[in-house]
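I opened this notebook to keep track of what I looked up, one topic at a time. The entries below follow the order in which I went through the model.

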Amino acid sequence: MTREQQVEGGLEEPTELEPEQGSLALADPEDRHTRADWEAAAAGVLRKARRLSDDDPDDAVWSELAHETLDGIRVTPLGTPDLLDGLATEGRPGRRGDWDVRTRPADNEQVLGDLDAGATSVWLAPDADLALLDGVMLDLAPVVLTATTPDRARAFLDLLGDTTPAAGTNLGADAAGDHAVEVAELAREAGVLGVVVDATPVHEQGASDVQELGHALAVAAAYLRAATAAGLTVEQAAGLVEFRLAATDEQFATIAKLRAARRLWARMQELSGAEPVAMRIHAVTSRVMLSKYDPWVNMLRGTVAAFAAGVGGADAVTVIEFDSPLGTPDAFGRRIARNTSLLLLAEAHVGAVSDPAGGAYAVEKLTDDLAAAAWEELGRIEADGVEAFKERIAEVVTRRDAEVASRQRPLTGLTEFPDLAETLPERAGDGDDVRRYGAAFEALRDEPAATPVFLATLGTVAAHTARATFAANLLAAGGIAVEQAGPTAGVAEVVAAYDGQPVACLCGTDAAYAEWGAELVEALREAGARHVVVAGKVDIGADDRCFAGMDALEFLHRTREVLA
């Protein structure tokens with residue numbers, strides 16, 4: 001009933017129809033729960049998993065479940081309204097609408113094929129012949145050049161002739177290079193973009209999200225200084241720039257990073273005394289997150305990264321082909337890369353909502369934390385210089401490597417659930433020249449161990465499955481096959497199944513270890529095993545142990561030394 005209907009109905013004093021802010025209740029009374037209820041439920045699950053003891057208070061779940069990024073930013077396990085206290089959440093919303101599906105063609109056939117198959121713009125390599133653009137309608141398809149010199153920029157503009165270039169066309173001078181300002185001036189005269197602030201190289205060197213943003217800001221600041229010194233205004237110089245940032249399968253971090261980037265770029269322009277020009281972001285799915293082994297998982301990684309880029313507000317998205325670690329991507333790899341964005345746009349409608357993550361408590365908090373940390377990183381770069389920045393990246397690389405080595409940062413199909421029997425697709429040429437996150441494990445898989453490990457299973461299948469599966473997967477991650485004893489009822493049956501392998505790995509329950517584990521260790525040594533490993537944090541006289549959270553890489557190297 002409207003206020004007018006209330007008056008017409010004879011109500012002397014119309015009632016207030018607007019509910020109090022925050023008063024709308026969407027759950028029945030029996031379904032409403034407090035923070036303490038959630039803590040108790042979560043704590044119960046963690047106690048069953050032995051991640052909390054009975055003596056730990058329920059609110060210990062916050063520290064146990066919180067995730068810490070490589071930048072030391074704590075990500076809460078539960079988004080709550082209080083996370084927004086003191087935050088400027090109005091921000092600057094991301095782009096609304098479909099993003100530009102940008103491909104990296106290698107020849108004219110690929111250029112035309114990509115555009116016919118759904119791509120909307122073309123990203124050319126630095127040394128690409130402009131003849132690749134033969135037959136391209138340059139008034140419809142934006143073209144982005146790379147590391148452009150003034151001469152190459154003029155050659156492209158000559159190719160344009162009287163054609164009005166498509167919106168988003170970029171002459172592509174490196175904002176950190178010597179030609180940025182000159183190319184920017186040519187671009188301004190031609191009515192196109194001219195400069196790219198590319199932060200993906202530092203991402204591929206191992207930089208964290210904060211470091212990637214800090215680097216992008218530092219490069220952008222240096223470009224603005226040079227451009228304004230040459231006579232451009234801040235607005236003119238900023239309006240000629242596109243930023244290139246990496247998108248990874250850590251979707252919330254990617255969403256927050258792109259949202260933070262827009263806020264930071266606006267703040268930099270404001271402090272320069274200018275009315276902020278909207279940031280243009282070209283998101284490229286990460287090459288270093290990919291894996292050479294079980295490469296089909298890379299399709300999933302690319303999908304999550306592209307989704308996050310779209311939600312974060314990217315204006316253009318390039319999905320790196322899933323088979324790029326193996327060599328030159330084939331037609332199938334290129335088609336899947338294009339279709340990843342096309343599916344997200346046409347079927348999932350990810351581009352239909354402006355800033356869909358806006359208002360999400362955890363994302364808003366992470367966006368604010370990343371923005372604040374990146375602004376501080378910009379200050380450090382400006383004050384301490386490039387060499388100190390490289391040292392900070394090296395520290396992040398060391399930490400990430402340690403997390404990958406211990407499988408705290410799992411890589412599906414490589415460090416987790418690897419398939420030693422897989423047949424990799426063949427591709428021409430060499431793979432991407434980057435150090436992927438799983439490089440150390442890939443090196444082990446490249447040279448699989450010639451001798452398997454004997455998996456000495458203690459007891460029935462039900463009793464040893466969990467530890468046997470864990471140990472088999474761990475060893476496979478290092479290129480080591482296993483031969484299992486199967487269900488056993490005692491020392492004699494295990495020894496009977498043993499076939500002279502140098503390494504034996506015991507897998508059983510704590511009760512079985514206590515009852516006959518030590519005896520089995522000695523029996524296997526007498527049978528010829530040179531190195532006995534036990535799965536679990538128990539001491540029964542074995543030579544080594546394997547368990548969740550250990551340095552798996554060091555363990556695998558130790559094991560392979562015995563097998564060699």
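**Entry 1: a salt bridge between two helices**

Does Arg334 count as buried or exposed? I noted beforehand that this is a predicted model, and then I looked up the residue: Arg334 has a relative accessibility of 9%, so it counts as buried, since buried means under 20%. I next looked up its partner, and found that the side chains of Asp114 and Arg334 meet in a salt bridge, with 2.2 Å from N to O. This pair links distant parts of the chain, because Asp114 lies in helix α4 (residues 108–116) and Arg334 in helix α12, 220 residues apart. Asp114 is buried as well, with a relative accessible area of 2%.

**Entry 2: other salt bridges**

I wrote down a reminder for myself that side chains of opposite charge can pair when their charged atoms come close. How many salt bridges does the structure hold? I found 46 salt bridges in the structure, and I followed a few of them by hand.

In one of them, the side chains of Arg35 and Asp82 meet at 2.8 Å, N to O. Arg35 sits in helix α2 (residues 35–48), whereas Asp82 sits in the loop between β2 (74–75) and β3 (100–103), and the two are 47 residues apart. I checked the accessibility of each, and Arg35 counts as partly exposed at 39%, while Asp82 counts as partly exposed at 37%.

Another salt bridge is formed by the side chains of Glu204 and Arg287, again listed at 2.8 Å from N to O. Glu204 belongs to helix α7 (residues 200–204) and Arg287 to the loop between β9 (281–285) and α11 (297–312), so this pair ties together parts that are 83 residues apart in sequence. Here I found Glu204 partly exposed, with a relative accessible area of 21%, whereas Arg287 counts as buried at 16% relative accessibility.

I also noted one network, in which salt bridges that share partners join Glu68, Arg74, Glu250, Arg399, Glu403 and Arg409.

**Entry 3: aromatic rings**

I turned to the rings and found that the structure holds four aromatic pairs. One of them is formed by Phe322 and Phe332, which meet edge-to-face, with 5.7 Å from centre to centre and 85 degrees between the planes. Phe322 lies in the loop between β10 (316–318) and α12 (331–346), and Phe332 lies in helix α12, so the pair ties together parts that are 10 residues apart in sequence. Phe322 is buried, with a relative accessible area of 3%, while Phe332 is partly exposed, with 34%.

Why is the pair of Phe454 and Tyr498 called edge-to-face? I looked up the geometry: the ring centres are 5.4 Å apart and the planes stand at 70 degrees, so the pair is edge-to-face, given that the cut-off is over 60 degrees. Phe454 lies in strand β11 (residues 453–457) and Tyr498 in the loop between α17 (491–497) and β13 (503–507), which places them 44 residues apart. Both Phe454 and Tyr498 are buried.

I added one further ring to this entry, because Arg445 lies over the face of Tyr293, at 4.4 Å from the ring centre.

**Entry 4: an open sheet and its helices**

I then traced an open sheet of five strands, and wrote down its order as β12-β11-β13-β14-β15, with parallel pairing. The edge strands are β12 (482–484) and β15 (544–546), each of which pairs on one side only. On average, neighbouring strands of this sheet are turned by 30 degrees against each other, direction ignored.

Inside the sheet, β13 and strand β14 (residues 531–535) run parallel and are joined by four bridges, and Ala504 stands opposite Val532 in β14. Helix α18 (residues 510–527) packs on the sheet, where it touches β11, β13 and β14, and its direction makes about 170 degrees with that of β13. Helix α19 (residues 552–563) lies across β11, β13, β14 and β15, and runs at about 130 degrees to β15.

**Entry 5: strand β9**

My last look was at β9, where five of the five residues are buried, so the strand is largely enclosed by the rest of the structure. Ile281, Ala283 and Thr285 point one way from β9, while His282 and Val284 point the other way. Strand β8 (residues 241–247) runs parallel to β9 and is joined to it by five bridges, and the bridge partner of Leu245 in β9 is Ala283.

Note on methods
Residues are numbered from 1 along each chain as its sequence is written. This is a predicted model: local features need pLDDT of at least 70, side-chain atom pairs count only at pLDDT 80 or more; totals for chains, interfaces and linings use all residues. Side-chain values use heavy atoms; hydrogens and water are left out. Rings of Phe, Tyr and Trp (its six-membered ring) pair if their centres lie within 6.5 Å; planes under 30 degrees apart count as stacked, over 60 as edge-to-face and the rest as tilted. Buried means under 20% relative accessible area, exposed over 50%, partly exposed in between (1.4 Å probe, protein chains only). A charge sits over a ring if NZ of Lys or CZ of Arg is within 6 Å of the ring centre and within 35 degrees of the ring normal. A salt bridge is a side-chain nitrogen of Lys or Arg within 4 Å of a carboxyl oxygen of Asp or Glu. Two strands pair if DSSP finds at least two bridges between them. Axes are lines fitted to C-alpha atoms, for helices over the stretch in contact, and angles run from 0 to 180 degrees between N-to-C directions. Contact means heavy atoms within 4.5 Å.
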